[in-house]
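Please work through the following exercises with the sequence and the coordinates at hand. Each task is followed by a solution in steps.

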Amino acid sequence: MVFMATSPDTPGFTPSPPDNGDSVVLERRTQKIQPPQLYQVVLLNDDYTPMEFVVLVIQEFFNKDRETATAIMLKIHLDGRGVCGVFTRDVAATKVDQVSSAAAKAGHPLQCVSEPVES
């Protein structure tokens, strides 16, 4: 038994015309999707934020071990800036907000920014 939404007995039923070979078939094209733009989260040096606080922030918000966090903190101290991680735009913005909030709550002027990674 065949079930159809419309049958030849239904008013307004028109059968589909036979295929004469004039049909057009579209080929499937693969879409080229580029990966999202990445952003690096950078901590900036200042003369007032304790080094230990910077190490704790790097450990807490960027999941670095103490040794790696200390190395990043020293880079910030010596070079004036240090990259803590590379993320997509939304994640980088969230990290910047988290670090800025933690620094403000602790009463430190630590600055954190995100910038596009140069490809």
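The exercises below concern a predicted model and treat its fold, its core, its cysteines, its salt bridges and a surface patch.

**Exercise 1. Determine how many helices and strands the protein has, and in which order the elements run.**

Solution. Step one is the count: the protein has 3 helices and 3 strands. Step two is the order, which from the N terminus on is β-α-α-β-α-β. Step three concerns contacts with a separation of 6 or more: 70% of these join residues 24 or more positions apart. Finally, buried residues make up 24% of the 119 residues, and the protein exposes about 9300 Å², with carbon and sulfur atoms supplying 54% of that area.

**Exercise 2. Identify the residues of the largest nonpolar core that touch the most other members, and state which element supplies the largest share of this core.**

Solution. The core comprises 21 residues, and those touching the most other members are L43, V54, I58, V99 and L110. At least two residues of this core come from each of β1 (38-44), α1 (51-62), α2 (66-79) and α3 (89-106). The largest share, 7 residues, belongs to α1. V54 serves as a worked case: with neighbours within four places in sequence left aside, V54 is in contact with L43, T49, M73, I76 and L110. As general background, nonpolar side chains in soluble globular proteins tend to be buried together.

**Exercise 3. Explain why C84 and C112 are not joined in a disulfide.**

Solution. A disulfide requires two cysteine sulfur atoms within 2.5 Å. The cysteine sulfur closest to that of C84 is in C112, at 6.5 Å, and the pair is therefore too far apart for a bond. C112 is likewise in no disulfide, the sulfur of C84 being its nearest cysteine sulfur. The count by this rule is 0 disulfides. Burial can be assigned as a last step: C84 is buried at 2% relative accessible area, and C112 is buried at 7%.

**Exercise 4. State how many salt bridges a search of the whole structure finds, and examine the pairs E52 with R66, K75 with D79, and D90 with R89.**

Solution. The search finds 4 salt bridges. In general, side chains of opposite charge can pair when their charged atoms come close.

- E52 and R66: the closest N and O atoms are 2.9 Å apart. This pair links distant parts of the chain, with E52 in helix α1 and R66 in helix α2, 14 residues apart. E52 is partly exposed at 40% relative accessible area, as is R66 at 42%.
- K75 and D79: the N to O distance is 2.6 Å. Both residues lie in helix α2, 4 residues apart, which is about one turn of the helix. K75 counts as partly exposed at 44% relative accessibility, and D79 counts as partly exposed at 49%.
- D90 and R89: the closest N and O atoms are 3.8 Å apart. The cut-off for exposed is over 50% relative accessible area; D90, at 54%, therefore counts as exposed, and R89 is exposed at 53%.

**Exercise 5. Which residues form a nonpolar patch on the surface, and what is their accessible area together?**

Solution. The patch consists of L38, V83 and V86, with about 220 Å² of accessible area together. L38 is found in strand β1. With a relative accessible area of 38%, L38 is classed as partly exposed.

Conventions. Residues numbered from 1 in each chain as written. Predicted model: local features only at pLDDT ≥ 70, side-chain atom pairs only at ≥ 80, totals over all residues. Heavy atoms only, no water. Core = buried A, V, L, I, M, F, W, Y, C linked by side-chain atoms within 4.5 Å. Buried < 20%, exposed > 50% of the residue type's maximum accessible area, 1.4 Å probe, protein only. Contact = heavy atoms within 4.5 Å. Patch = residues over 30% accessible without salt bridge, like charges linked within 9 Å, V, L, I, M, F, W, Y side chains within 5 Å. Areas by Shrake-Rupley, 256 points an atom, 1.4 Å probe, with all protein chains shown as cover. Salt bridge = Lys/Arg side-chain N within 4 Å of Asp/Glu carboxyl O.
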